[in-house]
Amino acid sequence: MAAAAAAAAAAVVSPSSCKLKPKSTRVLTSSPVAGAGFSFALRRSQRTFTSSSTDAASARPMVADGEEAEEAAGEFILRLQNGPDVRGVALEGEKGRAVDLTPPAVEALAESFEEWVAEKMVGKIAGSGDLRVSVGRDPRVSGPRLSAAAFAGLAKAKCRVFDMGLATTPACFMSTVLHPFAYDASIMITASHLPPTRNGLKFFTREGGLRPGEVEEICRRAARKYSLRKMGLGSTAAAAAAASAPVIRVDFMTFYAKHLRDVIIEKISHPQFYDTPLSGFKVIVNAGNGSGGFFAWDVLEKLGADTSGSLHLDPDGTFPNHVPNPADPTAMALTRAAVLRHDADLGVVFDTDVDRSGVVDGSGVAINGDRLIALMAAIVLKERPGTTIVTDARTSAALTRFIAGAGGRHCLYRVGYRNVIDKGVQLNRDGVETNLMMETTGHGALKENYFLDDGAYMVVKMIIEMVRTRLAGSSEGIGSLIEDLDEPIESVELRLDVRAQPKDAKHVAAEAVEAFRKSLQEGKLSGWELDACGDCWVSDGCLVDSGDAPAEVDARMYRAKISDEKNGQYGWLHMRQSVHSPTVAVNMQSSVSGGCRAAATVFRDRFLIPNGMEKMLNITQVDHYARRGSLD
């Protein structure tokens with residue numbers, strides 16, 4: 001495996017069909033599989049990071065004796081599924097967590113993905129060599145080693161492999177639709193904002209990211225392959241030869257950055273500085289040492305913007321400064337301070353793989369969560385009056401009022417960025433114009449951009465609006481667009497760990513959430529009502545599907561409207577099974593002071609304890625909040 005991957009890595013050449021001039025770069029070596037000569041471009045830095053997990057222990061899952069049979073059967077690969085993604089531990093160092101996202105597992109997953117894609121594409125045959133698949137990665141230390149494994153798996157499936165190197169998740173999808181690249185499929189190796197020890201895979205075809213059920217099928221195929229190989233079966237000399245096929249290195253990120261610049265230039269159409277429409281603007285970019293530094297160098301600066309004072313642009317897979325996450329308080333606080341210190345017009349925060357973003361306006365106001373959705377809604381509704389906007393069910397009633405006040409319609413739907421995007425696709429297919437789909441986490445997709453959750457493209461839209469406002473003679477920043485957005489009086493999230501073995505946690509969590517639904521329907525929580533409108537009538541919102549073709553369910557979740565005689569409907573509680581960890585999340589919002597504490601008390605006393613939930617879930621956070629009204 002290591003030798004095949006090394007041979008694949010050493011065969012990197014430039015494609016003759018993509019006539020992109022290589023730019024001068026500094027090279028950062030990350031020591032993947034022994035002997036594999038991988039490198040990636042790093043601007044403005046001479047740091048060197050070395051992976052210490054190249055020994056045999058990191059090449060396969062570390063298992064206890066009682067788990068060896070399960071590991072040999074490949075069943076651990078099924079647990080790597082994380083909704084529409086694959087995620088696992090790729091480096092040693094996590095207490096209580098063994099390495100499970102190994103090169104052999106990634107190789108089997110990549111090969112299974114290629115076979116799945118070939119079956120879905122008319123005229124493409126698995127193993128024919130017709131399929132063209134790109135692979136990108138974020139700067140995690142484990143990335144080069146896992147990329148080599150993905151190359152080997154794809155080569156075993158006899159498709160042509162294109163190495164994008166350091167990339168972003170949106171760029172991987174865009175590599176399937178932008179010419180002259182237009183690959184058949186793409187894999188991004190990333191674990192988003194998770195710790196440096198983690199990594200994962202995201203899968204794309206030209207139709208977009210895969211859905212949870214599709215990823216589950218790929219994991220099942222990969223588990224079977226892994227099991228056969230552990231038994232010494234399913235590997236042939238022909239497959240080994242295929243695995244040593246050349247991997248073609250492409251510089252897609254330069255092409256993608258130009259695509260974003262072209263959008264800005266065309267939409268602004270600056271009367272004086274057509275090719276440099278950001279002249280006179282100062283923008284702070286905080287990439288969190290992820291993949292987002294290109295946005296400052298190759299997009300903003302080339303359009304005339306001043307990005308001096310930007311933060312953590314150099315890729316560093318140890319993420320030494322803060323979690324690369326626009327929802328992270330430290331990331332936002334540092335960006336806010338930089339905006340104010342440098343008198344910038346805008347601050348931008350990206351997550352590791354740039355499929356999410358948040359911003360800080362020129363006055364230092366952090367814009368994420370409901371504020372970010374409101375800002376994007378205001379921009380989109382100027383261009384598309386009356387359009388529908390889909391969000392997850394954790395957004396506030398105040399956001400619904402804001403969207404309605406701007407002339408739009410708000411469709412509440414299931415938590416999960418893939419769920420929200422798919423709902424927008426379905427509504428458009430059914431004749432309901434829906435141009436924006438956003439989650440409170442910062443995932444946002446636009447109909448005009450292939451329904452792709454692209455944090456960089458979202459910022460592009462904000463920058464276009466910022467420049468247009470200035471050209472119209474206004475000195476106000478983009479924050480002025482959401483001055484009418486009210487904030488909820490209280491908003492709380494609690495986490496309940498599942499009391500079960502990892503292999504049983506998903507089932508136990510689903511059982512607990514379904515018990516909540518049953519209690520609501522049976523009227524056991526006075527003043528609480530299951531918040532579900534049935535068929536999707538967008539003026540009222542939609543939290544469930546009851547039509548002829550309901551969406552597949554990746555996690556159980558329900559929201560309850562909460563009312564009392566004094567205040568009427570004053571809040572809601574949302575209980576959901578997490579797809580990222582063995583936990584159940586409980587979100588609450590209230591328009592009255594003390595409402596969340598009262599809701600937590602009812603939730604504990606009338607649902608959790610009477611139904612014996614403390615045996616299934618750790619209810620400590622709920623109990624603490626009910627007693628004290630805070631988590632301090």
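A residue counts as buried when its relative accessible area is under 20%, as exposed when that area is over 50%, and as partly exposed in between. The legends below use these words for a predicted model.

**Figure 1. The whole protein chain, a predicted model with 18 helices and 24 strands**. The chain holds 632 residues, and 57% of them are buried. Its accessible surface comes to about 25300 Å². Carbon and sulfur atoms account for 49% of that surface. Contacts between residues at least 6 apart in sequence were also examined: 70% of them join residues at least 24 apart.

**Figure 2. Thr-102, in the loop between strand S4 and helix H4**. Strand S4 covers residues 85-89, and helix H4 covers residues 103-120. Thr-102 is buried because its relative accessibility is 0%, and the cut-off for a buried residue is under 20%. Thr-102 and Asn-199 are 97 residues apart along the chain, and their C-alpha atoms are separated by 9.8 Å.

**Figure 3. The cis peptide bond between His-179 and Pro-180**. The omega angle of this bond is about 15°. Pro-180 belongs to the loop that runs between helix H6 (169-174) and strand S7 (185-189).

**Figure 4. A nonpolar patch on the surface, formed by Leu-228, Met-231 and Leu-233**. Together these three residues have about 290 Å² of accessible area. Met-231 sits in the loop between helix H7 (212-230) and helix H8 (237-243). Its relative accessible area is 54%, so Met-231 is exposed; the cut-off for an exposed residue is over 50%.

**Figure 5. Ser-269, a residue with positive phi that is not a glycine**. The phi angle of Ser-269 is about 45°. Ser-269 is located in the loop between helix H9 (252-268) and strand S11 (283-286). With a relative accessible area of 42%, Ser-269 is partly exposed.

**Figure 6. Tyr-450, a residue other than glycine with a positive phi**. Here phi is near 65°. The loop that contains Tyr-450 lies between strand S18 (444-446) and strand S19 (452-453). Tyr-450 is partly exposed, at a relative accessible area of 41%.

**Figure 7. Helix H15, residues 455-471, and its two ends**. At the N-terminal end, Asp-454 caps the helix. A side-chain oxygen of Asp-454 lies 2.9 Å from the backbone nitrogen of Ala-456. Helix H15 has 17 residues, so at 1.5 Å a residue it should span 24 Å. The C-alpha atoms at its ends are 25 Å apart, which agrees with that expected span. Helix H15 is mostly covered, with 14 of its 17 residues buried. After the helix comes Gly-473, which has a positive phi near 95°.

**Figure 8. Gln-577 in strand S23**. Strand S23 covers residues 568-577. Gln-577 counts as buried because its relative accessibility is 5%. A polar atom of the Gln-577 side chain lies 3.4 Å from the backbone oxygen of Lys-506. Apart from neighbours within four places in sequence, the residues in contact with Gln-577 are Lys-506, Ala-509, Ala-510, Val-513, Ala-555, Arg-556 and Thr-583.

Conventions
Residues numbered from 1 in each chain as written. Predicted model: local features only at pLDDT ≥ 70, side-chain atom pairs only at ≥ 80, totals over all residues. Heavy atoms only, no water. Patch = residues over 30% accessible without salt bridge, like charges linked within 9 Å, V, L, I, M, F, W, Y side chains within 5 Å. Areas by Shrake-Rupley, 256 points an atom, 1.4 Å probe, with all protein chains shown as cover. Salt bridge = Lys/Arg side-chain N within 4 Å of Asp/Glu carboxyl O. Helix = DSSP H or I, 4+ residues; strand = E, 2+ residues; numbered from the N terminus. Buried < 20%, exposed > 50% of the residue type's maximum accessible area, 1.4 Å probe, protein only. Polar contact = N/O pair within 3.5 Å; in protein donor to acceptor, adjacent residues only side chain to side chain. Contact = heavy atoms within 4.5 Å. Expected span 1.5 Å × (residues − 1).
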